[in-house]
Amino acid sequence: MENLTSYLPQNEGYLQYWLLLLSVVSIGNSIQSYLTASYTRRIYSAPETTVTPLHARTFGTYTAVVSIIRLYAAYDLTDPMLYQLAIWTYVVALGHFYSEWLIFRTARWGEGLAGPVVISVGSLAWMLSQWGQYIR
């Protein structure tokens with residue numbers, strides 16, 4: 001077990017593990033986006049919205065890039081640039097989800113949209129509240 005823990009982030013606190021967990025889950029989400037559009041359709045579920053396999057793969061690519069940024073941040077939360085980039089991934093995600101829901105009306109509030117929004121809001125709030133803990 002000691003050998004496995006050496007691969008985990010070594011900073012103090014739990015934020016690093018949260019970012020690592022989200023990165024791993026997001027990479028899994030990226031892979032499934034390349035295999036099927038069904039989960040992407042759960043987010044963009046407005047009646048007249050069409051989610052094609054291309055849309056799903058594009059969403060999967062974006063999710064992969066974001067998860068890589070968060071993964072790097074998880075392993076070095078004391079780097080102000082990585083910390084800020086990770087924060088911006090949540091800001092951009094929230095801007096995207098809210099605009100698709102409230103402006104473009106391609107997403108409806110429900111289980112497909114609520115999960116990513118709650119995770120983004122909670123993660124963003126946690127990162128902003130812990131800035132001084134990691135960045136000196």
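The legends below accompany views of a predicted model of one protein chain.

**View 1. The fold of the protein chain is built from helices.** Seven helices and zero strands make up the secondary structure of the protein chain. From one end of the sequence to the other, the pattern reads α-α-α-α-α-α-α. The C-alpha atoms occupy a box of roughly 50 × 30 × 20 Å along the principal axes.

**View 2. Helix α5 and helix α6 cross each other.** Helix α5 spans residues 80-103, and helix α6 spans residues 111-129. Their axes come within 9 Å and cross at roughly 145°. The crossing of α5 past α6 is left-handed.

**View 3. Side by side, α5 and α6 share a set of contact residues.** On α5, the residues making the contact include the aromatic-named positions Tyr83, Tyr90, Phe97, Tyr98 and Trp101. Ala86, Ile87, Val91, Ala93 and Leu94 of α5 also take part. On α6, the contact is made by Leu113, Pro116, Val117, Ser120, Val121, Ser123, Leu124, Met127 and Leu128.

**View 4. Burial and contacts are shown across the protein chain.** The protein chain has 136 residues, of which 37% count as buried. Among contacts between residues at least 6 apart in sequence, 70% join residues at least 24 apart.

**View 5. The exposed surface and the charges of the protein chain are considered together.** About 8200 Å² of the protein chain is exposed, and carbon and sulfur atoms supply 66% of this area. The protein chain carries 7 positive and 7 negative charges. The mean positions of these two sets of charges lie 13 Å apart.

Definitions and conventions:
Residues are numbered from 1 along each chain as its sequence is written. This is a predicted model: local features need pLDDT of at least 70, side-chain atom pairs count only at pLDDT 80 or more; totals for chains, interfaces and linings use all residues. Side-chain values use heavy atoms; hydrogens and water are left out. Helices (H or I, at least four residues) and strands (E, at least two) are DSSP runs, numbered from the N terminus. Buried means under 20% relative accessible area, exposed over 50%, partly exposed in between (1.4 Å probe, protein chains only). Contact means heavy atoms within 4.5 Å. Accessible areas come from the Shrake-Rupley method with a 1.4 Å probe; for residues, only the protein chains shown count as cover. Lys and Arg count as positive and Asp and Glu as negative; His and the chain ends are not counted. The place of a charge is taken as NZ of Lys, CZ of Arg, CG of Asp or CD of Glu. Axes are lines fitted to C-alpha atoms, for helices over the stretch in contact, and angles run from 0 to 180 degrees between N-to-C directions. A crossing is left-handed if the near helix is turned anticlockwise from the far one by less than a right angle, and right-handed if clockwise.
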